[in-house]
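The following exercises treat a model of two chains. Each task is followed by a solution in steps.

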Amino acid sequence: MFYKKMLTAVTAILFGSLLFAQSPKLTDADIAHIGVTANQIDINYAEVARKNSTNTEVVKFANLMSTDHKAVIDQAVALVTKLGVTPTDNEISKSLMKSADAKIKEMSKLKGDAFNKAYLENEVAYHQAVISTVKETLIPTAQNRELKDFLGALVAPLESHLEHAQMALAQIK
Amino acid sequence: MRLAGFYLKIISIMQNIPLTGHKRITEIEQFSLSFGKLRFVCVLFLIVGFQMACTSSIEEKTEKSEITSPEETPGKQIVEIKAMKFSPATLIANTGDTVLFVNKDLVPHNVTDRDNQDTLSSQIAPGAEWILIVTKNLHFYCSLHPTMEGEVQLANP
């Protein structure tokens, strides 16, 4: 329990601090790129789970993450295209991706139940961090109304994923 | 002009008293004599016929509205899939009614029969729609996001 809380806290602090340090300077182009990156990261996590896990529920959850986050990216791209906003790579997106790559390397060394537990615990912590960041930083900072509404609509699926990850984690313990 | 005045006089007389009133019937008779009995009868038939026609059209309209009730025509209801919920989550419908599921979420969903786990809809993409034709009581959910549930109850099982 302590480890889980620490993992959640660290992930949230990392996500939040990166954004907080930059938030006064975040443009809609930055926000769009961060949003796409955050979704892509969870797709990357799901790929690792699909390769490394043999647990039916874990693979099912990973497939769902892959499907849902790809759908979100598709619609995000459609929206920014419509708005004429070009997502701009930025230091925050790069840091997030770098942290995610390190996490993937760490999880890939694990097998069986140890991997399943690590993957789901990371999913819980990651979704908590992303939800917090979307609500507290990205939505308030976004300038364009449609982008704000899109980010607002993202919260419910993220919360559903979090709930699903928590249920799946409870089942494998 | 005289004919118009005659019409008005007849109507005013008929509206004022019941038909059994002796005094007014006498007035009608006297008045009719001055314009010819035959013309009087024709006009009387016209007025009575007009009143009967008006009454029957009102009755017909009332009858038609009584016959055409919501329960007797197949209905269509709409379920919005938004914020990871089916809205409304519970519907009451008749056999043969249609339920239009509209996905207003950012992620795909489906409609799966909870009792036999049949996925009825296949995947409903964001922005897409799917129609269910009601044939039975149905407990449904989204098998992709199992916390999303709903129910169709037959009005007359």
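**Exercise 1.** Determine how many residues the contact takes from chain B and from chain A.

*Solution.* Two residues are in contact if their C-beta atoms, placed from the backbone, lie within 7 Å. By this criterion, chain A supplies 12 residues and chain B supplies 10 residues. On the side of chain B that touches chain A, 7 residues are nonpolar (Ala, Val, Leu, Ile, Met, Phe, Trp, Tyr, Cys and Pro), 2 are polar (the others, Gly among them) and 1 is charged (Asp, Glu, Lys and Arg).

The model is predicted: local features need pLDDT of at least 70 and side-chain atom pairs count only at pLDDT 80 or more, while totals for chains, interfaces and linings use all residues. Residues are numbered from 1 along each chain as its sequence is written, and chains are lettered from A and ligands numbered from 1 in the order in which they are written.

**Exercise 2.** State which strands of chain B stand at the edges of the open sheet.

*Solution.* Strands are DSSP runs of E with at least two residues, helices runs of H or I with at least four, numbered from the N terminus; two strands pair if DSSP finds at least two bridges between them. The order in chain B is β2-β1-β4-β6, with mixed pairing. β2 (85-87) and β6 (129-133) of chain B each have a single partner strand, so one side of each lacks a neighbour in the sheet. Next, β1(B) (residues 76-82) runs antiparallel to β2(B), joined by 3 bridges. Lys82(B) has Lys85(B) as its bridge partner in β2(B).

**Exercise 3.** Give the numbers of helices and strands in chain A.

*Solution.* Chain A contains 6 helices and 0 strands.
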